[in-house]
Amino acid sequence: MKLAGQRARRIGPAVLLAVALAPAASAQDAAPFYEGRTVNLVVGFNVGGGADTYARLIARHLRKHIRGNPTVIVRNMPGAGSMVAANYVFNVSPKDGSEIGLFAGSVAADPVIGGVAARYDARKFNWIGAPAADISVCLASRTTSFHTFNDVLAREMVTGAAGTSTYDFPVVLNSLLGTKFRLVKGYKGSAGLRFALERGEIEGFCGVGLSSLRALGLTSDKVNILVQIAMRKSQELAGVPLVIDYAKTEQDRQVMGLIFGWRAMERPLAAPPGIPEERLGLLRDGFDKTMQDNEFVADLTRAGLAFEPMSGRDIASFVDEIYRTPPAVAKRAAELLRRAGE
């Protein structure tokens, strides 16, 4: 018995050392896969908007932080508010770590709400990380008579829509709060909305993040921000009302949380299900190190983009929580988005 205990004490430190070194060894074993390889970053948005700017800056810096230093190439695949890209990455992308995606955070909530062509389970994506949380806003051109959110509660505003949030958010506000957004659909991304605003085709739009506005050059001398579409107020917009404060019931607040809350993980990156764990580890580690890269942060600052990173593991936990939404809340959200029965 005494001999067995002595043997255990001798073996113990060696076992502990092996366990401690296992992640590093696995990462090292995975590194050769990325040597001389190209990693495709499938971006579910048009060229020129805030999401595309994030993607290109991440691609520029990510390669030097992934062991093996692969080339990272951006491939734009817009459509259905990035759902086309999400469906593609989940179902078509190689499951070897050579192709990843960048989507709208709405891809996490859409399957829960239903009524859309989501061919994925967001819980099964291998989430890598997100560069920022963001605040969506409704805005109007300074050349119009819309100065406050109450103005849109009082009279009709011609509002552009280019995709998921720029369509969904004003539709929900019309149904839930009685705003009078008159939607004009078909614009290509946030850049298309900016041009339409400058040409006077529309008076404003909803559902675009502050980071996109900065990337588009829509500063306070050009637009009035009418309301923050978020679950908590941004100090940057201290004088702008928060949409959640207009909720009339607790269920209204829960519905807003489901529909609007995904902005907490703006522009998340994910790999398809089934990629080797050690390669996922390299991608997550590379992303986390990119977020700590002073040159990357400086590039974001110059582009006027928000920076509040979220890890892949935290995103996975957030998505799990979304999938625990009470059915009655999800059903009400579907009704407001006019998805019920589709």
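Here are some exercises with worked solutions on a predicted model.

## Exercise 1: Walk across the six-stranded sheet

Work out the strand order of the open sheet of 6 strands, and find which strands sit at its edges.

**Solution.**

Step 1. Start with the order. Reading across, you get β2-β1-β3-β10-β4-β11, and the pairing is mixed. As a reminder, strands of a sheet pair through backbone hydrogen bonds, either parallel or antiparallel.

Step 2. Now look at the two ends. The edge strands are β2 (71-76) and β11 (310-311), each of which pairs on one side only.

Step 3. See what covers the sheet. Helix α3 (residues 83-91) packs on it and touches β1 (38-43), β2, β3 (99-102) and β10 (269-271). The direction of α3 makes about 145° with that of β1.

Step 4. Check the pairing at the β2 end. Strands β1 and β2 run parallel, with 6 bridges between them. One pair to look for is Asn 40 with its bridge partner Ile 73 in β2. Helix α2 comes into this too: β1, α2 and β2 form a β-α-β unit that is right-handed.

Step 5. Check the β11 end. Here β4 (residues 126-130) and β11 are antiparallel and are joined by 2 bridges. Try finding Ala 130, which stands opposite Met 310 in β11.

## Exercise 2: Now the five-stranded sheet

Trace the open sheet of 5 strands, and explain what is special about β7 and β9.

**Solution.**

Step 1. The order is β7-β6-β8-β5-β9, again with mixed pairing.

Step 2. β7 (181-184) and β9 (223-229) are the edge strands; each has a single partner strand, so one side of each has no neighbour in the sheet.

Step 3. Look along the sheet for its twist, which averages 35° from one strand to the next.

Step 4. Test one edge. β5 (residues 136-141) pairs with β9 in the antiparallel sense over 6 bridges. In that pairing, Ser 136 has Ile 229 in β9 as its bridge partner. Helix α6 packs on this sheet, touching β5, β6 (157-160), β7, β8 and β9, and its direction makes about 115° with that of β8.

Step 5. Test the other edge. β6 and β7 are parallel, with 4 bridges, and Gly 160 has Val 184 as its bridge partner in β7. Between these strands the chain passes through α6, making a right-handed β-α-β crossover.

## Exercise 3: Hunt for empty space

Find the largest pocket, the second largest pocket and the largest cavity, and say what lines each.

**Solution.**

Step 1. The idea first: rolling a probe the size of a water molecule over the atoms shows where empty space is left.

Step 2. The largest pocket holds about 780 Å³ of space. It has 45 lining residues, and the closest to its centre are Gly 81, Ala 162, Gly 163, Thr 164 and Ser 165. Elements giving two or more residues to this lining are α2 (50-62), α4 (106-113), α6 (164-177), α7 (189-199) and β8 (204-209). The biggest giver is α6, with 5 residues. Sorted by class, the lining has 18 nonpolar, 18 polar and 9 charged residues.

Step 3. Move on to the second largest pocket, at about 340 Å³. Its lining has 19 residues, with Ala 133, Asp 134, Ile 135, Arg 232 and Glu 308 nearest the centre. By class, that lining splits into 10 nonpolar, 2 polar and 7 charged.

Step 4. What about cavities? The whole structure has 1 cavity of 30 Å³ or more, and the space in the largest cavity is about 60 Å³. Among its lining residues are Ser 106, Asp 110, Thr 164, Trp 262 and Arg 339. Both α4 and α6 give two or more residues to this lining, and α4 gives the most, with 4. The classes here are 6 nonpolar, 2 polar and 3 charged.

## Exercise 4: Who meets Thr 53?

Find the element that holds Thr 53, and list its contacts beyond four places away in sequence.

**Solution.**

Step 1. Thr 53 is in helix α2.

Step 2. Leaving out residues up to four places away in sequence, Thr 53 touches Ala 215, Ala 303 and Leu 305.

Step 3. Finally, compare sequence with space. Thr 53 and Ser 212 are 159 residues apart along the chain, yet their C-alpha atoms are 8.8 Å apart.

Key
Residues are numbered from 1 along each chain as its sequence is written. This is a predicted model: local features need pLDDT of at least 70, side-chain atom pairs count only at pLDDT 80 or more; totals for chains, interfaces and linings use all residues. Side-chain values use heavy atoms; hydrogens and water are left out. Two strands pair if DSSP finds at least two bridges between them. Contact means heavy atoms within 4.5 Å. Axes are lines fitted to C-alpha atoms, for helices over the stretch in contact, and angles run from 0 to 180 degrees between N-to-C directions. On a 1 Å grid over the protein atoms alone, a cavity is a set of points where a 1.4 Å probe fits but cannot get out, and a pocket is an open set with protein on both sides within 12 Å along at least five of seven lines; lining residues have an atom within 4 Å of a point. Grid points are joined across faces, edges and corners, and a volume is the space filled by probe spheres set on the points. Ala, Val, Leu, Ile, Met, Phe, Trp, Tyr, Cys and Pro count as nonpolar, Asp, Glu, Lys and Arg as charged, and the others, Gly among them, as polar. A crossover is right-handed if, with the strands pointing away from the viewer, the path from the first strand over the helix to the second runs clockwise.
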